[in-house]
Amino acid sequence: MPELPEVETTRRGIAPHILGKKVSGVVVRERSLRWPVPSRLPSFLKDSTVRAVNRRAKYLLVETDTGTLMIHLGMSGSLRIVGADQALRKHDHVDIAFAGGSILRYHDPRRFGSMHWITGDVASHPLLCDLGPEPLAGEFSSDYLVALSRKRKAPVKTFIMDSHVVVGVGNIYANEALFRAGIRPAKEAGKISAEKYALLVDAIKEILAQAIEVGGTTLRDFLGSDGEPGYFKQSLAVYGRGGEPCITCGTPLKEIRLGQRSTVYCGRCQR
DNA sequence: ATGCGGACCTGTTAGC
DNA sequence: TGCTAACAGGTCCGCA
């Protein structure tokens, strides 16, 4: 589920329920996520108090007074706030219980997600220190993309999905942003004009910001049984629509694979 | 340095 | 209807 808007929605959904709360206990039922969950995580977290819930790229950073829990949701992870009486589902791998009775429950069928415990400087963690800028930050600009892309031969879609270039642009939004900007996904990153990159940057920012807003409408659901963020409802112009007519010109959308990811575009509107 | 393919997993869907 | 294969929203790593 999680692209950046879903991670941000999750952050906003869980933050009010855990800020200022003290951890009363941690249960790890399945350690083998993408990287092993630290075996001492329960002792690290026990009795520490949540001071902030931040996000860097698609990592959630639960900052406590003794260290930071870094969570990635991978392809299929989700976090929900549940009561102590909430029945366990399959793939509920980790519970973090707080004084007062609420539980932050991590669920992840494919186990591509991860949990790390960080003490010291969070930004210098190996998984964070080489990341590109946040897409919604001012430093992510057409000037930046132009400068970085010269001499790059990779397809522009692959380029903007590279977390060293910019974080948080997953497969769905890469497809959608390239459609909005009128850029063919397979075109060499280094051959895209500054004008086109300006359109692309605007498209990425707009789409992500919109998706976060839409996700925001489902925040209340984080307390209930339905933790599904709302991006499915969002109208997608190309993703998942291969062979169907382009919403602009009616031409059937093409579907190809780039870097083993499904890529959909309009051969007429995107050049 | 860059770019590509493989790897990690389970659940759902498409196709025979 | 039932079995099998292909595919799915991420991203790190190793190799060319």
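The legends below describe close-up views of a predicted model.

**View 1. The open four-stranded sheet β1-β6-β7-β5, whose strands pair in antiparallel fashion.**
At the edges of this sheet stand β1, residues 23-28, and β5, residues 78-82, each of which pairs on one side only. From one strand to the next the twist averages 15°. Helix α1, which spans residues 4-18, packs on the sheet and touches β5, β6 (92-98) and β7, and the direction of the helix makes about 30° with that of β5. Strand β5 is joined by five bridges to β7, residues 103-107, and the two run antiparallel; within this pair, Val-82 stands opposite Ile-103 of β7. Strands of a sheet pair through backbone hydrogen bonds, in either a parallel or an antiparallel arrangement.

**View 2. A second open sheet of four strands, in the order β2-β3-β4-β8, again with antiparallel pairing.**
Here the edge strands are β2, residues 50-56, and β8, residues 114-118, and each of them pairs on one side only. Neighbouring strands of this sheet are turned against each other by 20° on average, when direction is ignored. Six bridges connect β2 with the antiparallel strand β3, residues 59-64, and in β3 the residue standing opposite Val-50 is Thr-64. Helix α1, already seen on the sheet of View 1, also lies across β2 and β3, where it runs at about 175° to β2.

**View 3. The protein surface around DNA strand B.**
The residues around this strand are Lys-90, His-91, Pro-109, Arg-110, Arg-111, Phe-112, Arg-152, Lys-153, Ala-154 and Gln-260. Of the atoms of DNA strand B that come within 4 Å of the protein, sugar and phosphate account for 59%. Sorted by class, the surface near the strand has five charged, three nonpolar and two polar residues. Two phosphate contacts can be followed in this view: a side-chain N or O atom of Arg-152 is 2.9 Å from a phosphate oxygen of DNA strand B, and a polar backbone atom of Ala-154 is likewise 2.9 Å from a phosphate oxygen of the strand. At Pro-109, a backbone N or O atom lies 3.3 Å from a sugar or linking oxygen of DNA strand B.

**View 4. The loop around Gly-190, between helices α5 and α6.**
Gly-190 belongs to the loop that leads from α5 to α6, the latter comprising residues 194-216. With a relative accessibility of 18%, Gly-190 counts as buried, because the cut-off for that class is under 20%. Once its neighbours within four places in sequence are left aside, Gly-190 is in contact with Ser-149, Arg-150, Lys-151 and Arg-152; Arg-152 is also one of the residues around DNA strand B shown in View 3. Leu-145 is 45 residues from Gly-190 in sequence, while the distance between their C-alpha atoms is 9.5 Å.

**View 5. Helix α5, residues 171-181, and the residue that follows it.**
Ten of the eleven residues of α5 are buried, so the helix is largely enclosed by the rest of the structure. The buried residues are Asn-171, Ile-172, Tyr-173, Ala-174, Asn-175, Glu-176, Ala-177, Leu-178, Phe-179 and Ala-181. After the helix comes Gly-182, which has a positive phi, near 70°.

**View 6. The β9-β10 hairpin and the surroundings of Thr-263.**
Strands β9, residues 254-258, and β10, residues 261-265, run antiparallel and are joined by five bridges. Two residues lie between the strands of this hairpin, and Gly-259 in the turn has a positive phi of about 55°. Thr-263 has its place in β10, where Thr-263 is the bridge partner of Ile-256. At 0% relative accessibility, Thr-263 counts as buried, and the side chain of Thr-263 makes a polar contact of 2.9 Å with the side chain of Lys-157. Apart from its neighbours within four places in sequence, Thr-263 is in contact with Lys-157, Asn-175, Pro-185, Lys-254, Glu-255, Ile-256, Arg-257 and Leu-258; among them, Asn-175 is one of the buried residues of α5 shown in View 5.

How values were computed
Residues are numbered from 1 along each chain as its sequence is written. Chains are lettered from A and ligands numbered from 1 in the order in which they are written. This is a predicted model: local features need pLDDT of at least 70, side-chain atom pairs count only at pLDDT 80 or more; totals for chains, interfaces and linings use all residues. Side-chain values use heavy atoms; hydrogens and water are left out. Two strands pair if DSSP finds at least two bridges between them. Axes are lines fitted to C-alpha atoms, for helices over the stretch in contact, and angles run from 0 to 180 degrees between N-to-C directions. Contact means heavy atoms within 4.5 Å. A residue is near a molecule or strand if one of its heavy atoms lies within 4 Å of it. A polar contact is a pair of N or O atoms within 3.5 Å; within protein, one must be able to donate a hydrogen and the other to accept it, and residues adjacent in sequence count only if both atoms are side-chain atoms. Ala, Val, Leu, Ile, Met, Phe, Trp, Tyr, Cys and Pro count as nonpolar, Asp, Glu, Lys and Arg as charged, and the others, Gly among them, as polar. Buried means under 20% relative accessible area, exposed over 50%, partly exposed in between (1.4 Å probe, protein chains only).
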